[in-house]
Amino acid sequence: MNKRNLGKFLALTLVLSGCASFEEIKNQADAGNAEMQYETAIRYRKGDGTAADKDAAYTYLKKAADQAYIPAVVAYAEEAVGRKDISEPELFLKRYQSIFRATPTSFGAISASVVGKAKYPQLCIAYASAMRDADKGSELAEFRKQALQYFDATQCGVSGRRMRDYAKQLKSIQSQKEIAELEQQRLAEEKRLAEEKKWQEEEKARKIAEEKKRLADPKFRFPYEKSVANHIRLYKEYLSGTSFEYFIADLLLNQKTLDSLLVMTAPAGDLSEDHKIVKLLVTPAENKNITFIFLMESDDANLSGRDQRVWEEKMCAEIKEMKKTSYKGALVECDIKLPGDIVKPEEVIAKYQKEFKNLSVSRDEEKYRNLIPGMLGGANILHTVRMKSPQVSITIEYRQLLDSFELQKLNPQLFEVSISITDKVMEKHMEALAVAKSRKKQAEAEAERAKAAKSSLDF
């Protein structure tokens, strides 16, 4: 044991034995002995061996607390809060938080450490409240930040729920200056959000105006107009020859969505047996009784097997995202279903005869015993009416019940009037365009193959 520690031990022994006078204890305290500083503070507080002096007691408590003497730290924190001494918030935390780092060496120190840690949140809250009342402003904000570092349930020995309540309570303690600053920040943020919203609305309006201008361009809506002179009305404002790009852009502009989308390939009519074309069957969500059929320019329709399925799935997924699409094609056909209990087939026939001149009309009938297998009754006739001209082809199908069984009320969809209207001129043009692209791609592939073969045979 070195001389310094021996001195401290002897001084403490004298204190505990009651043989040391106040002056002897104070001399040890003034020499820097933390235990004696704490003891001096206690004697000044009680007036034991000297006149009572609370200010002197507080001074010696601070000296002992500066050396992380745990009993003195706890006593100092309580005294500082009691006095509302908020002159040294940084030192208050430095002294008090030392108990979380110090190692108690006696039973009394252990007991004081447990009590001090448990009281830490409450004393910090009381200290912050005094700072708020004095309108400390920025100092209070820094105090909260530093104090919260030890708002830990495990270190303080309190429940997690109580510690969360303490933390919430401390955070809520704000000076008038802080409240004013937060209000200014809130108003500034509101202003920023309002300006951002205004800008977004203006930007949206600008983009809508640009999109409307683009949609109003006949070249964008009818890119094949030079090759096809006339456009027929397939359904309301939808005309044959309408580009697929225009169709998607129009849906986006009017905030409409797709209900279903089907990608399929089909032989290219009588133009070529070796080439296929891509058909897109599109049903809007707003009207599921209408299907728009586009013929596409794509030259990937002649893939086979898995490659074709992967390509079809990729194309379908991209279009369903309802973004501006680069796929090019034209509207050539429209399938329409009308309620049979409202619309009469002859009214549909008369409508088209009025719209299109010189239509040839043919009718077919096919009788069915039962509409649905396994059900009694429902004998019916399927009527098919075909109307044709050099440009348009229209097929109308509807069913006619022959008995009294009210199957139509059971499933009215089976008795809808189905219409398929096709622009034959546009259909042939798109088929020819797709076949020409496919042949060009095949020719380029063959040229590449021949070039590679020539290089391989050069030996």
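This text goes through the salt bridges and the cysteines of a predicted model.

Across the whole structure, a search finds 27 salt bridges. Three of these pairs are described here in turn, followed by a network.

One of the salt bridges joins Glu 79 to Arg 45, with 4.0 Å between the closest N and O atoms. Glu 79 belongs to helix α5, which covers residues 70–83, and Arg 45 belongs to helix α3, which covers residues 34–46; the pair therefore ties together parts that lie 34 residues apart in sequence. Both side chains fall in the partly exposed class: Glu 79 has a relative accessible area of 21%, and Arg 45 has a relative accessibility of 38%. The 4.0 Å separation can be read against the cut-off, since a nitrogen and a carboxyl oxygen must be within 4 Å to count as a salt bridge.

Another pair sits inside a single helix. Arg 206 and Glu 210 form a salt bridge in which the closest N and O atoms are 2.5 Å apart. The two residues are four positions apart in helix α11, residues 176–216, so about one helical turn separates them. Arg 206 is partly exposed at 37% relative accessible area, and Glu 210 is likewise partly exposed, at 44%.

A further salt bridge links a loop to a helix. Lys 328 and Glu 245 meet through their side chains at 3.2 Å, N to O. Lys 328 is in the loop between α14 (305–320) and β6 (329–338), whereas Glu 245 is in helix α13 (residues 244–253), so this contact ties together parts 83 residues apart in sequence. Lys 328 is partly exposed, with a relative accessible area of 43%; Glu 245 is also partly exposed, at 22%.

Some salt bridges share partners, and in this way Arg 45, Asp 55, Glu 79 and Arg 83 are joined into one network. The pair of Glu 79 and Arg 45, introduced above, thus belongs to this network, because salt bridges with shared partners connect its members.

The cysteines give another result: the structure holds zero disulfides. Why does the sulfur of Cys 124 not bond to the closest cysteine sulfur? That closest sulfur is in Cys 156 and lies 8.4 Å away, too far for a bond, because a disulfide requires the two sulfur atoms to be within 2.5 Å. Taken from the other side, the closest cysteine sulfur to Cys 156 is that of Cys 124, again at 8.4 Å. Cys 124 is buried, with a relative accessible area of 0%, and Cys 156 counts as buried at 3%.

Key:
Residues numbered from 1 in each chain as written. Predicted model: local features only at pLDDT ≥ 70, side-chain atom pairs only at ≥ 80, totals over all residues. Heavy atoms only, no water. Buried < 20%, exposed > 50% of the residue type's maximum accessible area, 1.4 Å probe, protein only.
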